[in-house]
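User: Hi! Could you walk me through this one? I'd like to understand how its parts touch each other.
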Amino acid sequence: MFVSWATGLSGEVVDQVFFFILAITVFLLGLITFLMVYFVIRYRKKRNPQPSDIHGNIWLEIIWTIVPTLLVLAMFYYGLTGFNFLKKAPGDALKVKVIARQWSWLFEYENGVKSTELKVPVGKPVKLSLTSQDVIHGFYAPAFRIKQDVVPGMTNTLWFQPTGVGTFDVFCTQYCGLQHANMVTKIVVIPVDEFDQWIQKRGKEIEATKGKPGGAQLFHEKGCVACHSVDGTPRVGPTLKGLFGKEERVLIDGKEQTVIADEAFIRTYILKPNTYVVVGYPPIMPPQALTEDELTELVHYIKDLK
Amino acid sequence: MTQNGVLEKTYPAASFYDHQGKYRGILAWILSTDHKRIGLLYLGLILLFFSVAVFFGFLMRLKLIAPGFPLMKPQMYNAIFTLHGIIQIFLVVIPAIPAIFGNFFLPIQIGARDMAFPKINLLSWWLYASGAAIVFLSLFTAGGPIDTGWTFYAPYSLRTTVNVPLAVFGVFILGMSSILTGVNLVTTTHRLRAPGMSWFRLPLFVWGVYATAWVQILATPVIGITFALIMIERYFGIGVFDPAKGGDPLLYQHLFWIYSHPAVYIMILPAMGVVSEVIPVFSRKNIFGYKAIAFSSIAIASVGSLVWGHHMFVSGQSDFASVIFSLLTFLVAVPSAIKVFNWVATLYKGSIELKPPLLFALTFIFLFSIGGLTGLIQGALAVNMHLHDTYWVVGHFHYIIFGGMGFGFLAALHYWFPKMFGKMYDMKRTIGGWIILFIGFNILYFPMLILGWEGMPRRYYDYPPPFHTLHLISTIGSWILIAGLIWIFFNLIQGLRRGEKAEDNPWKGASLEWQIPSPPPTHNFEKIPIVGKGPYEFG
């Protein structure tokens with residue numbers, strides 16, 4: 001859902017500062033524009049053929065140095081108080097790890113549950129720890145008025161507290177390549193009991209599989225789904241439906257060849273994506289860190305996509 | 001020159017166009033060390049590049065006319081917004097006013113016959129042309145057109161398969177050109193002022209260009225080093241910026257913005273200088289607060305060099321750094337505000353003729369004020385978290401760069417056109433073009449401010465349907481704006497071809513360039529003038 005209206009505590013704080021500064025700036029713009037237009041009309045050559053010989057006025061200079069200085073200091077201070085609030089997460093916040101990669105988001109909760117959407121309970125503060133697996137991304141939830149770059153090699157943090165249930169956009173705001181514009185997901189704010197049920201149910205599922213997610217889940221968690229469909233639609237990358245055993249035209253060191261997409265081919269492609277480049281698609285697949293078990297699961301999943 | 005500042009015309013006015021030097025034809029231009037010819041060489045290339053970049057901007061807006069509009073593929077869009085930025089920033093906006101009008105008019109305004117280093121001046125142009133050629137060459141070589149955005153952020157710029165090294169090498173060469181131009185302008189201002197041309201008799205355009213030249217000299221080497229490091233990292237794998245190799249991506253951003261923020265002042269200060277020239281002439285009145293305007297240029301250039309971190313409020317730099325950068329950002333607004341107040345006060349009790357140069361100058365004040373005031377809004381730390389990297393920022397900097405520098409450029413062009421070419425354009429038609437341009441400009445860029453406030457991120461080749469209406473309005477605005485530009489430039493070309501011969505001093509200006517023939521003779525002044533009064537004493 002798209003809204004320009006703010007939600008959450010952060011939304012209220014940012015909007016207050018915004019409208020405070022906006023009011024001052026609109027007034028200043030109005031004043032400058034009015035004077036400019038008025039002078040041009042009032043002192044046009046026809047009406048005022050003889051200009052006055054004025055070189056300046058020291059008192060005016062002092063006034064219009066000091067007053068704007070005080071105004072901007074007030075704006076700075078107001079922005080700073082909002083910033084202090086936005087930067088200090090309460091100690092009891094729900095902690096969620098955010099993993100960004102070209103071109104998808106993954107959210108990991110403390111009990112090991114992973115999700116491609118950020119589900120959170122209403123009324124509770126949420127603290128995000130953000131890391132990137134490749135290039136710089138930006139985590140931006142416009143309705144909450146919050147944003148933080150997600151930088152490889154660094155863990156940045158961000159917090160927010162939803163005040164009402166709903167579904168809210170998350171965009172990537174740091175240009176990260178081809179599918180930057182499609183690196184979007186949702187924040188889903190749900191009632192507290194619903195959230196508790198969900199997280200517990202998912203937690204149990206993980207225990208049942210002893211923390212070993214199946215191929216379908218990995219396909220989502222590792223971000224494959226951002227570029228590859230399983231239903232035959234070509235996206236940024238080719239669809240994986242019916243891939244196994246198919247003949248693929250690929251470029252190897254710039255030479256076009258035909259290969260059979262067997263298990264070895266699929267494994268190599270996942271681990272070292274740009275060994276081959278499927279003809280007609282850009283050579284941009286990022287390598288993924290996978291354990292041997294995960295790789296096996298994923299290859300099985302892809303083999304079964306008939 | 002007599003005491004009242006009118007030059008005695010005791011020599012035959014052979015214009016610099018008729019000068020017979022060592023070379024003929026095109027060589028008489030591209031090998032000329034005459035600052036006026038070099039200024040016009042820049043004008044030719046810059047207008048060419050400007051039209052290319054405007055075309056790219058047109059394509060971007062057309063792609064965004066509706067969600068999912070199938071004009072081009074994502075990679076194409078990413079390359080086009082990158083090229084639009086690189087060409088506009090590095091090839092057009094940064095050099096435009098200092099290299100064209102600084103070259104042509106700074107020496108004349110201070111009573112000099114040429115720049116301090118005429119051969120270096122020519123070298124600067126050649127470096128500029130070569131750098132531009134390399135940037136364009138990079139589009140057609142291995143990997144294809146660059147897709148990193150004009151900011152070349154690491155580690156993306158280190159990993160993408162397109163031809164980044166050649167493009168940044170081109171920009172590196174452009175940087176050398178900019179540094180040498182800066183050295184020339186500073187030295188000329190210090191060493192070649194005519195007798196009696198004291199610092200406080202300098203036209204304010206000279207102050208603006210002089211302050212800019214210092215920023216060019218001091219800040220540009222940083223971007224050169226940064227791009228050299230990008231090349232080294234790409235070719236030799238030394239981990240300076242890529243965290244996978246032990247580098248630091250925030251270090252890249254610091255180095256990039258240490259230059260690229262002051263670059264904004266390289267763009268805007270000379271335009272402010274133009275406005276300070278135009279307003280007194282068409283108000284027939286001395287500038288209000290000469291020293292305040294002159295010193296505010298220096299204040300903007302110096303404080304403006306310390307605010308780069310406001311591009312990094314959400315990057316993960318320390319909160320303490322963000323607080324300091326925000327404070328300095330707010331303070332740098334004050335000298336800009338002082339300039340605006342002084343300009344408006346200059347109109348007070350003047351005898352005003354709203355001719356095209358003044359119209360463009362006043363439009364500069366209006367649009368630049370919107371750009372500056374939106375800058376205050378996004379400079380507040382709390383609000384920045386929301387607006388950073390959205391269309392708000394895109395709208396903001398187009399108000400500053402196009403609304404400010406662009407309209408300043410048009411003011412300069414219409415102000416000095418009769419002097420540069422010895423011909424006059426049709427002023428009524430200019431006003432018609434201005435109306436179209438002004439309306440188109442605001443329809444194009446104002447919706448971007450609202451889009452950003454609503455959360456539309458920048459550099460998106462597509463967007464969710466709720467953003468459609470404002471994107472559509474903006475795209476329509478781009479057509480109107482382009483129509484206005486075509487009208488205005490067509491009118492100037494008509495003036496060039498069949499305009500009336502311009503008087504030597506059509507606006508009755510008091511600065512030195514108006515006291516010599518239009519177009520100026522090769523050596524500007526037969527005898528170096530002795531200056532006895534300020535540049536805005538119309539008496």
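User: How many salt bridges are there between domain 1 of chain A and domain 2 of chain A?

Analyst: Happy to help! This is a predicted model, so please read everything here that way. Between domain 1 and domain 2 of chain A there is one salt bridge.

User: Which side chains meet in a salt bridge at 2.8 Å, N to O?

Analyst: Those of A:Asp15 and A:Arg145, with 2.8 Å from N to O. The cut-off for a salt bridge here is 4 Å.

User: Where do the domains of chain A begin and end?

Analyst: Chain A is split into domain 1 (8-87), domain 2 (94-208) and domain 3 (215-303).

User: Back to domains 1 and 2 of chain A. How many residues are in contact there?

Analyst: Nine residues of domain 1 of chain A touch 10 residues of domain 2 of chain A. Together these two domains bury about 790 Å², and carbon and sulfur atoms give 51% of that. On the domain 1 side, the residues that lose the most area to domain 2 of chain A are A:Gly8, A:Leu9 and A:Ser10, which together make up 46% of what that side buries.

User: And how many residue pairs are in polar contact between those two domains of chain A?

Analyst: Eight residue pairs, counting those with both residues at pLDDT 80 or more. On the domain 1 side, α1 and α2 of chain A are the elements that give two or more residues. The largest share comes from α1(A), with six residues. By type, that side of domain 1 of chain A has four nonpolar, three polar and two charged residues.

User: New topic: chains A and B. How much area do they bury between them?

Analyst: Chain A and chain B bury about 6,900 Å², with 72% of it on carbon and sulfur atoms. In terms of contacts, 79 residues of chain A meet 85 residues of chain B.

User: How many salt bridges does the rule find across that interface?

Analyst: Two between chain A and chain B. One pairing is A:Lys87 with B:Asp319, whose closest N and O atoms are 3.7 Å apart. There are also 22 residue pairs in polar contact between chain A and chain B, both residues being at pLDDT 80 or more.

User: Which elements of chain A give two or more residues to the side that touches chain B?

Analyst: They are α1 (8-42), α2 (58-87), β7 (146-150), β8 (156-160) and β9 (166-172) of chain A. The residues on that side of chain A divide into 47 nonpolar, 23 polar and nine charged.

Key: Residues numbered from 1 in each chain as written. Chains lettered and ligands numbered in written order. Predicted model: local features only at pLDDT ≥ 70, side-chain atom pairs only at ≥ 80, totals over all residues. Heavy atoms only, no water. Contact = heavy atoms within 4.5 Å. Buried area = accessible area lost by both parts, 1.4 Å probe. Polar contact = N/O pair within 3.5 Å; in protein donor to acceptor, adjacent residues only side chain to side chain. Helix = DSSP H or I, 4+ residues; strand = E, 2+ residues; numbered from the N terminus. Nonpolar A, V, L, I, M, F, W, Y, C, P; charged D, E, K, R; others polar. Domains from an automatic or database assignment.
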